[in-house]
Amino acid sequence: MDVNLRLLPEAVASARLETRQEVLSRIAEMFSDVHGLDRADILERLEEREALGSTGFGRAVAIPHCRSSEVKRPTVVLLRLEQPVDFAAADAMPVSLIFGLVSPEDAGATHLHALATISRLMRDDAILDAVLEAPDADALYSVLTNQFLRDAA
């Protein structure tokens, strides 16, 4: 993953949720709790983007995303679900991994690059398996951090 993405250890969590709406709400809550972003504003922006089409791109992964003037660079939270949730993904499979992404308002190409970076990372079978099999949030963060360092080298 691109080292320009901001992912903090406390921005990685697991949860048991039932619906796509609950997932979006939890992602907004994580952005609020970890990064101090306005929860209601982020939730509204995520819902607006999701209304344009599902951000579930397949392989059990979704990337709900939006832009906000509250961030200076692409900022990520990662939620691993204890049971998959229907996200109307491109491959019709339910999702287990949700990368929430908030980029700066004016981050045109940077926002697209961040989306592509997450997508490329999750298309790697070994990385996807390691993320899905990580026993807890700390191990999950470690898997991603190791990937950041490898890509930066």
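Contact here means heavy atoms within 4.5 Å. Keep that cut-off handy for the exercises below, which all work on a predicted model.

**Exercise 1. The H1/H2 pair**

Work out which residues bring H1 and H2 together, and what classes they fall into.

*Solution.*
Step 1: list the contact. From H1, take Arg20, Gln21, Leu24, Ser25, Ile27, Ala28, Glu29, Phe31 and Ser32; across from them in H2 sit Arg39, Ile42, Leu43, Leu46, Glu47 and Glu50.
Step 2: sort those residues by class. You get seven nonpolar, three polar and five charged.
Step 3: turn to the geometry. Two packed helices are described by the angle between their axes and the distance between the axes. For H1 (residues 20-35) and H2 (residues 39-52), the angle is about 140° and the axes are 8 Å apart. That makes H1 oblique to H2, because the roughly antiparallel class takes only angles over 145 degrees.
Step 4: add the handedness. H1 and H2 have a right-handed crossing.

**Exercise 2. The H3/H4 pair**

Find how the axes of H3 and H4 are arranged, then give the residues in the contact.

*Solution.*
Step 1: get the numbers. The axes of H3 and helix H4 (residues 125-133) cross at roughly 90° and come within 5 Å.
Step 2: name the arrangement. Angles of 65 to 115 degrees count as roughly perpendicular, so H3 is roughly perpendicular to H4.
Step 3: pick out the residues. H3 brings Leu121, Met122 and Arg123, while H4 brings Asp125, Ile127, Leu128 and Val131.
Step 4: classify them. The H3 contact with H4 holds five nonpolar and two charged residues, with no polar ones.

**Exercise 3. Three residues and their burial**

Decide whether serine 119, leucine 5 and valine 61 are buried or exposed, and say what each one touches beyond four places in sequence.

*Solution.*
Step 1: fix the threshold. Buried means under 20% relative accessible area.
Step 2: take serine 119. You'll find serine 119 in helix H3 (residues 108-123). Its relative accessible area is 12%, so serine 119 is buried. Leaving aside neighbours within four places in sequence, serine 119 is in contact with Phe57 and Ile63.
Step 3: take leucine 5. This one belongs to the segment before strand S1 (12-15). Relative accessibility is 7%, so leucine 5 counts as buried. With neighbours within four places set aside, the contacts of leucine 5 are Pro74, Val76, Leu101, Ala114, Thr117 and Ile118. For a distance check, try isoleucine 63: leucine 5 and isoleucine 63 are 58 residues apart along the chain, and their C-alpha atoms are separated by 14 Å.
Step 4: take valine 61. Strand S3 (residues 61-62) holds valine 61. At a relative accessible area of 0%, valine 61 is buried too. Again skipping neighbours within four places in sequence, valine 61 is in contact with Thr55, Gly56, Val95, Leu97, Phe99, Met122 and Leu128. Valine 95 lies 34 residues from valine 61 in sequence, but the C-alpha to C-alpha distance is 5.2 Å.

**Exercise 4. Two phi values to check**

Locate arginine 59 and alanine 88, and explain why their phi values deserve a look.

*Solution.*
Step 1: recall the background. Most residues other than glycine have a negative phi.
Step 2: check arginine 59. Its phi is positive, about 60°, although arginine 59 is not a glycine. Arginine 59 lies in the loop between strand S2 (56-58) and S3, and is partly exposed with a relative accessible area of 32%.
Step 3: check alanine 88. Here phi is near 55°, again a positive value in a residue other than glycine. Alanine 88 is in the loop between strand S5 (75-85) and strand S6 (95-104); at 44% relative accessibility, alanine 88 counts as partly exposed.

**Exercise 5. The whole chain**

Say how many helices and strands the protein chain has, and judge its radius of gyration against the globule rule.

*Solution.*
Step 1: count. The protein chain has five helices and six strands.
Step 2: order them. From the N terminus on, the elements run β-α-α-β-β-β-β-β-α-α-α.
Step 3: compare. The radius of gyration is 14 Å, close to the 15 Å that the globule rule gives for 153 residues, so the protein chain is as compact as a globular protein of that length.
Step 4: round out the picture. Along the principal axes, the C-alpha atoms fill a box of roughly 35 × 35 × 25 Å. Of the 153 residues, 47% are buried. Among contacts with a separation of 6 or more, 72% link residues 24 or more positions apart.

Note on methods: Residues are numbered from 1 along each chain as its sequence is written. This is a predicted model: local features need pLDDT of at least 70, side-chain atom pairs count only at pLDDT 80 or more; totals for chains, interfaces and linings use all residues. Side-chain values use heavy atoms; hydrogens and water are left out. Axes are lines fitted to C-alpha atoms, for helices over the stretch in contact, and angles run from 0 to 180 degrees between N-to-C directions. Helices (H or I, at least four residues) and strands (E, at least two) are DSSP runs, numbered from the N terminus. Angles under 35 degrees count as roughly parallel, over 145 as roughly antiparallel, 65 to 115 as roughly perpendicular and the rest as oblique. A crossing is left-handed if the near helix is turned anticlockwise from the far one by less than a right angle, and right-handed if clockwise. Ala, Val, Leu, Ile, Met, Phe, Trp, Tyr, Cys and Pro count as nonpolar, Asp, Glu, Lys and Arg as charged, and the others, Gly among them, as polar. Buried means under 20% relative accessible area, exposed over 50%, partly exposed in between (1.4 Å probe, protein chains only). The radius of gyration is taken over C-alpha atoms; the globule rule is 2.2 Å times the number of residues to the power 0.38.
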